[in-house]
Amino acid sequence: MMAFSLRNIVAFLPLFHASIVVATLPSCQTCGSPEPSPPAPEPEAFPPEPEVPEPYPPELAPYPEPDQSPEPSEAPIDDDGVFDVTNYGAVADGGTECSSAFSAAWHAACDYPWNSTIYIPEGTFLVGPISFRGPCYNDRSPNVEIRGTLFALSSLSSFKSSYWISFKNLQGLTLIGGPGYGKLDGQGAVEAWKEPSCEKSARCKKLITSIDFINVSHATISNITLSNSKGFHLGLHGSKNIKIYNVKIIAPEDSPNTDGIHVSNSSNISIFSSTIGVGDDCVSIGPGSKNVSVSNIRCGPGHGISVGSLGKYKNEKDVVGINVRNCTINGTENGIRMKTWPGDRPSNAYNMTFEDIVMVNVSNPIIIDQEYCPSHKCKSNEPSMVKLKDIFIKNINGTYSTKSAVIFLCSSEAPCENVQLVNINLNYLVPNSPRQGRLNIKGFLNGLQVINSRF
């Protein structure tokens with residue numbers, strides 16, 4: 001346990017539980033100094049693109065190999081390159097299943113030799129699982145404009161793959177909603193969330209992502225609302241140069257595995273100016289993620305903003321260059337979190353910065369959890385082999401509702417390394433409580449600096 005004043009740090013190592021806790025805190029040269037030591041170099045703006053991991057996690061199919069660009073088809077061409085799904089048989093009555101009509105409109109727009117747009121007008125459309133695949137003519141993706149509301153089929157038996165709507169092998173895609181935000185409702189509450197696997201464990205056996213981007217580059221997603229997904233709301237896999245903004249993602253606090261945005265094996269991703277309140281992580285950044293920026297996000301309810309989980313599968317790629325800033329996290333189970341599974345699957349996560357974040361009644365504002373095992377049924381008792389290093393946490397303010405503001409559960413085999421806490425000002429919501437034991441450390445941590453902080 002540790003006690004803190006404004007600028008002084010006093011370590012009481014004998015107070016740790018000797019049977020389970022080993023903490024190593026090297027002598028601190030800068031504790032109490034007004035200036036932190038220089039941070040590690042920021043990652044290059046365009047790091048090498050991640051490779052698809054081998055083997056790929058079982059819940060996601062391997063990335064399909066791009067086909068040759070198709071020749072223009074004989075499909076009817078709408079005026080000005082706009083392909084309205086109702087001209088291909090879609091009915092906006094909320095009861096007629098429209099995936100065939102959507103697919104026909106996509107193929108026509110994909111084959112069109114000039115700029116094209118799939119247009120979904122106002123109204124309510126019932127849509128089953130559908131894949132919008134490329135490459136399209138001259139490797140130019142149609143845009144997709146949603147003015148109406150899309151509802152997914154409610155039954156899990158209707159979904160043979162792990163997605164509701166997927167975009168694959170495309171370049172230059174724009175997915176945009178109308179002035180009132182195009183809406184996509186996954187109808188997870190009808191059946192998916194009630195599955196026994198969801199109720200008995202922290203991981204549902206069948207997760208259906210509402211929108212999946214697979215091998216997509218130079219794309220933009222904006223002005224849409226995603227709600228009530230059967231699994232993740234928005235997934236990015238093997239993709240690069242993606243911007244996501246002005247997005248609303250909504251699901252009940254107790255909805256299982258309903259992450260807002262999940263990123264894996266993707267690079268140069270920018271997520272900003274959005275509101276996310278779900279039953280799991282607002283944003284989760286998985287293996288192989290490089291140069292990911294998350295800013296101006298309002299998160300809550302949910303499990304906060306997370307790096308991970310990492311170390312669950314073999315041959316995971318490293319995570320590098322994560323920047324989370326200017327966010328508000330309200331009423332969540334965690335604030336900013338790094339989580340890795342126990343076991344012998346090594347990888348690295350480094351150069352991660354979390355700064356200028358407001359916490360409002362958050363249970364665990366700052367947490368490193370290298371014993372992550374949500375089902376409490378992990379087969380391995382081995383320490384995590386994921387190396388977490390060069391972690392910079394700055395300018396974090398607000399309130400929390402648990403006994404520990406900062407929790408570092410680090411690996412005994414791959415110690416956490418070079419962690420800085422600078423200008424942390426977090427207030428415990430229980431009034432008149434002793435300010436003691438607010439830092440909880442277990443495992444090995446090499447190079448901790450706490451500067452100008454109080455929690």
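The exercises below work through a predicted model of one protein chain, each with a solution in steps.

Residues are numbered from 1 along each chain as its sequence is written. Because the model is predicted, local features need pLDDT of at least 70 and side-chain atom pairs count only at pLDDT 80 or more, whereas totals for chains, interfaces and linings use all residues; side-chain values use heavy atoms, with hydrogens and water left out.

**Exercise 1. Find how confident the predictor is along the chain, and describe the chain as a whole.**

Step 1. The pLDDT, which is the predictor's confidence in each residue from 0 to 100, averages 85 over the protein chain, and 80% of the residues score at least 70. Over residues 1-75, however, the pLDDT is below 50, although this stretch has 143 contacts in the model beyond near neighbours in sequence, where a contact means heavy atoms within 4.5 Å. Where pLDDT is low, the predicted coordinates should not be read in detail.

Step 2. The secondary structure comes to 2 helices and 29 strands; these are DSSP runs numbered from the N terminus, with helices (H or I) of at least four residues and strands (E) of at least two.

Step 3. Of the 455 residues, 53% count as buried, and here buried means under 20% relative accessible area, exposed over 50%, and partly exposed in between, with a 1.4 Å probe and protein chains only. Among contacts with a separation of 6 or more, 80% are accounted for by residues 24 or more positions apart.

**Exercise 2. Work out which residues touch the most other members of the largest nonpolar core, and follow Phe-167 through its contacts and ring pairs.**

Step 1. A nonpolar core is a set of buried Ala, Val, Leu, Ile, Met, Phe, Trp, Tyr and Cys residues joined through side-chain atoms within 4.5 Å. The largest one has 105 residues, of which Phe-102, Phe-167, Phe-213, Val-294, Phe-354 and Phe-408 touch the most other members. In soluble globular proteins, nonpolar side chains tend to be buried together.

Step 2. Leaving aside neighbours within four places in sequence, Phe-167 is in contact with several residues, including Phe-132, Leu-175, Asp-212 and Phe-213.

Step 3. Rings of Phe, Tyr and Trp (its six-membered ring) pair if their centres lie within 6.5 Å, and planes under 30 degrees apart count as stacked, over 60 as edge-to-face and the rest as tilted. By this rule there are 9 aromatic pairs. The rings of Phe-132 and Phe-167 have centres 5.2 Å apart and planes at 40°, so this pair is tilted. The pair links distant parts of the chain, since Phe-132 lies in strand β7 and Phe-167 in strand β10 (residues 163-171), 35 residues apart. Both Phe-132 and Phe-167 are buried.

Step 4. For comparison, the rings of Tyr-245 and Phe-272 have centres 5.2 Å apart and planes at 15°, so that pair is stacked. Tyr-245 is partly exposed at 26% relative accessibility, and Phe-272 is partly exposed at 22%.

Step 5. Ring pairs also link Trp-106, Phe-132, Phe-167 and Phe-213 into a cluster.

**Exercise 3. Decide whether His-303 is buried or exposed, and describe its surroundings.**

Step 1. UniProt, in an unreviewed entry, lists His-303 for "active site"; its positions are given in the numbering used here, feature names are shortened, and annotations may be inferred rather than shown by experiment.

Step 2. His-303 lies in the loop between β19 and β20, and with a relative accessible area of 18% His-303 is buried.

Step 3. Not counting residues up to four places away in sequence, His-303 touches Gly-279, Asp-280, Asp-281, Glu-333, Asn-334 and Arg-337. The backbone oxygen of Gly-279 lies 3.3 Å from a polar atom of the side chain of His-303.

**Exercise 4. Locate the cis peptide bonds from Gly-300 and Gly-308, and the positive phi values of Asp-139 and Asn-395.**

Step 1. Most residues other than glycine have a negative phi, and most peptide bonds are trans.

Step 2. A cis peptide bond with omega of about 0° joins Gly-300 and Pro-301, and Pro-301 is in the loop between β19 (290-299) and β20 (305-310). The bond from Gly-308 to Ser-309 is cis, with omega near 10°, and Ser-309 is found in strand β20.

Step 3. Asp-139 has a positive phi near 55° and lies in the loop between β7 (130-133) and β8 (143-146). Asn-395 has a positive phi near 55°, but Asn-395 is found in strand β25 (residues 386-400).

Terms used. Polar contact = N/O pair within 3.5 Å; in protein donor to acceptor, adjacent residues only side chain to side chain.
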